[in-house]
Amino acid sequence: MSAVRLHDLTLGYERRPAVHHLDGTFGLGCATAVVGPNGSGKSTLLKGLAGALAPLSGRVDRSGLKARDIAYLPQDHGVDRAFPMTLGELVTLGLWGRRGLFGAISASDRHRVEHAMQAVGLAGFEDRALDSVSGGQLQRALFARVLVQDARLILLDEPFTALDARTTTDLIALVKRWPGEGRTVVLVLHDLDMVREVCSDTLLLAREKVAWGPTETALGGENLLKARRLSEAWSQEAAVCSRDHAA
Amino acid sequence: MSALPDLADAHFAMPAAVAGALALAFGGAPLGVLLIARRMSLVGDALSHGILPGAALAYLLAGPDPVALTLGALGAGFIVAILSSLLARTGRLPEDAAFAVFYLSALALGVVILGRSANSEALLGLLFGAAGGLDATGLIVSAIAASGTLILLALFLRGFLAESADPVFMRASGLPGGLLHLLLMMLVALNLVAGFRAFGALMTVGLMMIPAASARFWARGYTGQAAAAVLMSVLASGSGLWLAHSLGVEPGAIMTLCASALFAVSALTGPNKGLLQNLPGRTHLEG
C-alpha cells in the first residue's frame, strides 16, 4: 500500500509550472527527502501534497488520507507572532483535526499537549506569549503541534533552517522516529549529510524529477549536476509545454 | 422634523443611552480586540462608512422610519463586508485595498443620495449621531447585536483565534476560514449599525477600537484583553455619558474622548508593555 502517489502531476502559479510531470510514490512509513536547487519546485510540491495548492494538471492520490491525517509545516509558517496567544494554545491547535470547531478539549488532550511540549524541550513554556520566544523556540512549538496532530503523512519544508545545533539534533531525533511509527514523512532539506542521516529515499528535483529512489543512488554526482543544469533553464519566454500536447 | 439624530437635541434619555452604550461595550469591544489582533484595525472605520448609503437610501425612500434606517444600514454594511471579503479572498487585491475600494464607493454613494434629499444635517447625524436617536427600535437592535455577538463569539472563538493566528495551518487543516472571516465582518457591521443612530457611525467605531487597543496594555491573551476592553468601554461610556449630560452636548464624541484618555493611561501604566515598564534603571528578573 502506498501513502501518496503522484500521477503526471504539474503544479505552478498562473499557468507557469513550478514543477511538472511528476510520477512516483512516497512509500508508507518512509522518510523521503526532497532535494534540489533554489526555485526547483520543492516547496510548491509540498503545498500540492498538503492540498494547499491545486494541480495545474495531473493529480495526487493520497490513498484516502483526509486533511486531519496530514501535518504540514511550511517554510514560511505564517504564525503571527504579535497575535495574543500562548505557545500552549498554539500547540493545542494541533487538536483541530480531531476536535473541530465545537469539540471539547479533554484532560487527555491537555496531557497530550503537555507531553508534546516536553518532547521538544518546551516544558514550562506553555504560558509564554508568541512574541516573547525565540525563532528556535517557536519552531520547536510548531514541531510539538505536529506531534499533537498525530498525522499519518507529515510534510516539513526546510524545518531546520536558522536553528542552532542542539535544537536541530533534538528535532532530527524526533523525525527519525516517525517512519518506525508507520508515518510517511516528506522533508525539504538542503544539507545532504542530513538527508543521508534522516531519509531512506530522496527525490531530486529541478522543476521535474531528476532522480527518485534510495538516497545514495539519487544523490549521485551525475544527478546533482543534472539538477543544477535543469534549474537554470527557466525562461520568461517559455513556450507551451510540449508534453501537455502529447498527453 | 427629522427622526435622524438631531445635533441640536442634547437632552437625550440617559437610561436608553446607558443601555445602548453597555450593549456596544459588551458586543463591540471583544470584536475590536479580534480586529486589532488580526491587524484589521481600520476595517471598522471602513464598514462604518459602508453603512451610509443604505441608511441614506432608506431615509430617501421611507423617510425617518427607524426600522427602515436600521435595515438599510445593515444591508449596506453586509454588502460591503461580503464584497470586500470575496475580493480579498481571490488574492487579487490585499484586504485593506478591497475595503478601501468598497467603503469609499459606498461613502460617495451615501453623499449623493443624501444630496438628493437636500438634507446635509442628516449626513452629519449619521456620522456623529445623537443619543436622542436611540428609541425602542434602536435598543432592541442593540440588545440583539450584543447578545448575538457574545453567543457567536463563544461558539466560534476557537475558530476565530486559530484562523487569525495561523491562517496557513488552519487552511491546510480544513477550517472554513473564509466563512469565519465573513461572519466576523458581519458581526462588526451589526454592532456598528446598533450604535450608529445613538453615537454616530464614526464614534461607534471609536468605542469599539480604542478600548480594544487599550486592553493590549493590560493582558496578553485574547480572553484577558476582551475582558479589559469591555471594562474600558464601560468606563469610557459611563464617564462620557455623564459628562455629555452635564455639559449638554452630544455623547458620542465625549465618550470617544474618554476612551482616548483611558488609552493614554493604559499606554503609560499598563503592565503589558506599558511605557513605564521600560524605564531605564528598572531591575530585571533572573530568568
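Me: In what order do the six strands of the open sheet in chain A stand?
Reply: In this predicted model, chain A has an open sheet of six strands, and its pairing is mixed. The twist from one strand to the next averages 10 degrees. Read across the sheet, the order is β5-β6-β7-β3-β8-β9.

Me: Which are the edge strands of this sheet?
Reply: An edge strand here pairs on one side only. In chain A that holds for residues 70–73 and for residues 209–214. These edge strands are β5 and β9 of chain A.

Me: Do β5(A) and β6(A) run parallel or antiparallel?
Reply: Strand β6(A) covers residues 153–157, and four bridges join β5(A) to it. Within this pair, I70(A) stands opposite L153(A). The two strands run parallel.

Me: Which residue in β9(A) stands opposite L203(A)?
Reply: Strand β8(A) spans residues 201–205 and is joined to β9(A) by five bridges, the two running antiparallel. They form a hairpin with three residues between them. In the turn, R207(A) has a positive phi of about 70 degrees. Opposite L203(A) in β9(A) stands W212(A).

Me: Which element of chain A has the lowest mean pLDDT?
Reply: Chain A averages a pLDDT of 87, and 92% of its residues score at least 70. Among its elements, strand β7(A), residues 184–188, has the highest mean, 96. Where pLDDT is low, the predicted coordinates should not be read in detail. The lowest mean, 60, belongs to helix α10 (residues 242–246) of chain A.

Me: How many helices does chain B have?
Reply: From the N terminus on, each element of chain B is written as α. The number of strands in chain B is zero. The helices come to twelve.

Me: What share of the contacts in chain B between residues at least 6 apart join residues at least 24 apart?
Reply: Chain B has 287 residues, of which 52% count as buried. For the contacts, the starting set is the pairs at least 6 apart in sequence. Those that join residues at least 24 apart make up 77%.

Me: How many of the eight residues of helix α2 in chain B are buried?
Reply: Helix α2(B), residues 43–50, is mostly covered. Its buried residues include V43(B), A46(B) and L47(B), and also H49(B). Among the elements that cover them are α1, α3 and α4 of chain B, along with α9 and α10. The buried residues of this helix number seven.

Me: Which helix gives the largest share of the largest nonpolar core?
Reply: This core holds 158 residues, and L155(A), L187(A), I51(B) and A189(B) touch the most other members. Leaving aside neighbours within four places in sequence, I51(B) is in contact with residues including A73(B), A189(B) and F196(B). The largest share of the core is 13 residues, from helix α1 (residues 14–37) of chain B.

Me: Which element gives the most to the side of chain B that touches chain A?
Reply: The contact takes 22 residues from chain B and 21 residues from chain A. On the side of chain B, the elements that give two or more residues are α7 (136–165), α8 (167–172) and α11 (222–247). The residues of that side divide into twelve nonpolar, six polar and four charged. With seven residues, the element that gives the most is α7(B).

Note on methods
Residues numbered from 1 in each chain as written. Chains lettered and ligands numbered in written order. Predicted model: local features only at pLDDT ≥ 70, side-chain atom pairs only at ≥ 80, totals over all residues. Buried ≥ 20, exposed ≤ 12 C-beta atoms within 10 Å, placed from the backbone. Contact = placed C-beta atoms within 7 Å. Nonpolar A, V, L, I, M, F, W, Y, C, P; charged D, E, K, R; others polar. Core = buried A, V, L, I, M, F, W, Y, C linked by C-beta atoms within 7 Å. Pairing = 2+ DSSP bridges. Axes fitted to C-alpha atoms, helices over the stretch in contact; angles between N-to-C directions. pLDDT = per-residue confidence, 0-100.
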